[in-house]
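Hi,

Here is the structure I promised to pass on. Have a look at it first, and then read my notes below.

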Amino acid sequence: MGFYDQLETRSADARAADIAKQLPLQIAQAKRAPAIAEILKDVDAESIGSVEDLASLPVIRKSELVSNQAENAPFGGFAAIDAHEFEHVFQSPGPIYEPGKLGNDWWRTGRFLHAAGIGRGDIIQNCFGYHLTPAGMIFESGARAVGAAVVPAGTGQTELQVRAAHDIGVTAYAGTPDYLKVILDRAETEGVKLSIRKAAVGGGALFPSLRQEYADRGIACLQCYATADLGNIAYESAAMEGLIVDEGVLVEIVTPGTGTPVALGEVGEVVVTTLNPDYPLIRFATGDLSAFMEGESPCGRTNLRIKGWMGRADQTTKIKGMFVRPEQVADLVSKNPEVEKARVVASRDGERDMMTVMLETEGASAEALADSVFSTLKLKGKIELVPVGSLPKDGKVIDDQRSYDT
């Protein structure tokens, strides 16, 4: 399908020259957001003209968004325009509020969908959630940018998902990596033939074995790395050699907990500066670990590549496409006096994410705690009651036992 635009094939010098023009303007625009203006009050925007210059600025963490939003709803002073100027306001677990706009592929997922071979003539079954959280609209805006039609399916109701995919003639899937398998398996059980040949996934790990299963079924599956705050950060092309950094963001890899860039190839925390003028997050720490790769992608796209998701700088873990945070686990314990300690275990059952919530308690029942677990963690999972004092004393409240190499 060729390239999305000329930005993807710029030389390193041309990209640096464009950044030198854009970045000072973005820093100046960011200062229109009250919270960022305070953080950057002593910074001369004209002095920040490269990714290397960004290293002199402080890192902004998600915890700052949460605390600022509690005092200054809904965006905590991090937006450069008023809340009513956005078309959407979303709520992610935390809660954290994120803005959204409908025009101009605001989250920049069109570039990823194009790289995945999705465009005019395709019908995408969009199985990302549309309720409160922004993932559904993030991919819907990308579909509009590449001219594809959308079935706004959201999550769940697998029988209806299969029926819709068959009746409408869906050719592409967007959603978490493992839910496509649920749809395909149900269709196979019911003897329903589907026409899905492309998949654009995110919100969880795409395990090699699962990608191969899709390939064996005639489906080319590519992944992106995107967040509700930043939109698309990096994406795969058909070369499937690392994730290419999106042209609308600047990415640094830093020593976790600091703003100090690491050497090329070294694992560190992903820090992103977005060039979005409406929500201009500067040096926003994602909490995710990754590393830059040497060289350029064989597909011809010239921007930097990262190795993909390599874990969390903290214990925050994505399960079934949703983040579970240590503070949520602590909140679960505080809400239930009969629980002494809690530990969330992420595992796999075949190709599906599983969550087990281990609770130290003497007098409670799993049934009595189920509603509290769901309302606090925003996910359903197995509840396992264990004796008080039996959980490991290793500081972990979230234990990710999934292997990312198989």
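The side chain of T227 comes within 3.0 Å of a backbone atom, namely the nitrogen of L230. Bear in mind that this is a predicted model, so please read every distance here as computed from it.

T227 itself belongs to strand β8, which covers residues 220-227. Is T227 buried or exposed? Its relative accessibility is 15%, and the cut-off for buried is under 20%, so T227 counts as buried. If you skip the neighbours within four places in sequence, T227 has I138 and I233 as its contacts. In case you were wondering about D42, that residue is 185 positions away from T227 in sequence, and the two C-alpha atoms are 29 Å apart.

The other residue I looked at is R108. You'll find R108 in the loop that runs between β3 (96-100) and α5 (110-115). R108 is buried too, at a relative accessible area of 14%. Which side chain does R108 pair with in a polar contact of 2.7 Å? That partner is D246. Again setting aside neighbours within four places in sequence, R108 is in contact with L230, G231, N232 and I233, and also with D246, G248, V249 and T274. Two of those names should ring a bell: I233 is on the contact list of T227 as well, and L230 is the residue whose backbone nitrogen the T227 side chain reaches.

Now for the chain as a whole. In secondary structure, it has 11 helices and 21 strands. Its radius of gyration is 21 Å, close to the 22 Å that the globule rule gives for 406 residues, so the chain is as compact as a globular protein of that length. If you like to picture a box, the C-alpha atoms fill one of roughly 65 × 50 × 40 Å along the principal axes.

On the inside, 51% of the 406 residues count as buried. Taking contacts with a separation of 6 or more, 63% are between residues 24 or more positions apart.

On the outside, the chain exposes about 17,600 Å², and 52% of that comes from carbon and sulfur atoms. As for charge, there are 40 positive and 56 negative ones, and their mean positions lie 3 Å apart.

If you open the model, you could begin at T227 and its side-chain link to L230, then go on to R108 and D246.

Cheers

Notes. Residues numbered from 1 in each chain as written. Predicted model: local features only at pLDDT ≥ 70, side-chain atom pairs only at ≥ 80, totals over all residues. Heavy atoms only, no water. Helix = DSSP H or I, 4+ residues; strand = E, 2+ residues; numbered from the N terminus. Rg over C-alpha atoms; globule rule 2.2 N^0.38 Å. Buried < 20%, exposed > 50% of the residue type's maximum accessible area, 1.4 Å probe, protein only. Contact = heavy atoms within 4.5 Å. Areas by Shrake-Rupley, 256 points an atom, 1.4 Å probe, with all protein chains shown as cover. Lys, Arg positive; Asp, Glu negative; His and termini not counted. Charge placed at Lys NZ, Arg CZ, Asp CG, Glu CD. Polar contact = N/O pair within 3.5 Å; in protein donor to acceptor, adjacent residues only side chain to side chain.
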